[in-house]
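Reader: I've got a model open and I'd like to learn how to read it. Can you take me through it feature by feature?

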Amino acid sequence: MKISLGIGALTVIIGLLSGLISNDWSITVKICGYIGAGCLVLGALFNGAFISGDRHRANYFYETKADRREREKVSNHLLVISVPNIIAAIVIYMVQ
């Protein structure tokens, strides 16, 4: 999780630097917002948030325990990456 949080912070820093260099903070909002939203959607997709209960139950019984742990691990990492990006995008949008 620390690595995922570091990746999220690194993308925020890259977004902040690009906004600072170009003197246009909307670029920072776009970069952080798109990365945050993309990771959030992918994390929810891997978590199974967009499928029905019947499909989720069927997938639960057909996948192995190791596959389920790997899928949940990837989902959690993506969600942790999205948190700092979404927070940065919201804060910069509100300040702007």
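Author: Sure. Let's begin with one residue: Thr11 lies in helix H1. Keep in mind that this is a predicted model.

Reader: Is Thr11 buried or exposed?

Author: The cut-off for buried is under 20% relative accessible area. Thr11 has 15% relative accessibility, so it counts as buried. Leaving out residues up to four places away in sequence, Thr11 touches Ile35 and Asn85.

Reader: Let me zoom out, then. How many helices and strands are there in the chain?

Author: Four helices and zero strands. Going along the sequence, you read the pattern α-α-α-α.

Reader: And how do I read the way two helices pack?

Author: Two numbers do the describing: the angle between the axes of the packed helices and the distance between those axes. Take helix H1 (residues 2–22) and helix H4 (residues 65–95): they pack at about 30°, and their axes are 7 Å apart. That angle makes H1 roughly parallel to H4. As for handedness, H1 and H4 have a right-handed crossing.

Reader: Which residues of H1 and H4 meet?

Author: From H1 you have Ser4, Leu5, Ile7, Gly8, Ala9, Thr11, Val12 and Leu16, and from H4 there are His77, Val80, Ile81, Pro84, Asn85, Ala88 and Ile92. Sorted by class, the contact of H1 with H4 has 10 nonpolar, five polar and no charged residues.

Reader: What is the angle between H1 and H2?

Author: About 160°, with the axes of H1 and helix H2 (residues 25–47) 7 Å apart. Angles over 145 degrees count as roughly antiparallel, so H1 and H2 are roughly antiparallel to each other. The crossing of H1 and H2 is right-handed. On the H1 side, the contact is made by Thr11, Val12, Gly15, Leu16, Ser18, Gly19, Leu20 and Ser22. On the H2 side, you'll find Trp25, Ile27, Thr28, Ile31, Cys32 and Ile35. By class, the contact of H1 with H2 has eight nonpolar, six polar and no charged residues.

Reader: Thr11 again! What sits between H1 and H2?

Author: A loop, and Asn23 is found in it. Asn23 is worth a click for its backbone. As a general idea, most residues other than glycine have a negative phi. Asn23 is not a glycine, yet it has a positive phi of about 55°.

Reader: Is Asn23 buried or exposed?

Author: Exposed: the relative accessibility of Asn23 is 64%.

Reader: That leaves H2 against H4. At what angle do H2 and H4 cross?

Author: At roughly 155°, and the axes of H2 and H4 come within 7 Å. That makes H2 roughly antiparallel to H4. Here the handedness is left-handed. The contact of H2 with H4 has 19 nonpolar, eight polar and one charged residues by class.

Reader: Can you give me a residue to look at in H4?

Author: Try Ser82, which lies in helix H4. With 1% relative accessibility, Ser82 counts as buried. Beyond residues up to four places away in sequence, Ser82 touches Gly36, Cys39 and Leu40.

Reader: What about the other loops? Where does Ile51 lie?

Author: Ile51 is in the loop between H2 and helix H3 (53–62). At a relative accessible area of 36%, Ile51 is partly exposed. If you leave aside neighbours within four places in sequence, Ile51 is in contact with His56 and Asn59. For a sense of scale, pick the C-alpha atoms of Ile51 and Val12: these residues are 39 apart along the chain, and the atoms are separated by 31 Å.

Reader: How do I read the overall shape?

Author: Start with the radius of gyration and set it against what you'd expect for a globule. The chain has 16 Å, whereas a compact globule of 96 residues would have a radius of gyration near 12 Å. Along its principal axes, the C-alpha trace spans about 50 × 25 × 15 Å.

Reader: How much of the chain do buried residues make up?

Author: Buried residues are 26% of the 96 residues.

Reader: And which part of the contacts comes from residues 24 or more positions apart?

Author: Of the contacts with a separation of 6 or more, 77% come from residues 24 or more positions apart.

Note on methods:
Residues numbered from 1 in each chain as written. Predicted model: local features only at pLDDT ≥ 70, side-chain atom pairs only at ≥ 80, totals over all residues. Heavy atoms only, no water. Axes fitted to C-alpha atoms, helices over the stretch in contact; angles between N-to-C directions. Helix = DSSP H or I, 4+ residues; strand = E, 2+ residues; numbered from the N terminus. Parallel < 35°, antiparallel > 145°, perpendicular 65-115°, else oblique. Left-handed = near helix turned anticlockwise from the far one by under 90°. Contact = heavy atoms within 4.5 Å. Nonpolar A, V, L, I, M, F, W, Y, C, P; charged D, E, K, R; others polar. Buried < 20%, exposed > 50% of the residue type's maximum accessible area, 1.4 Å probe, protein only. Rg over C-alpha atoms; globule rule 2.2 N^0.38 Å.
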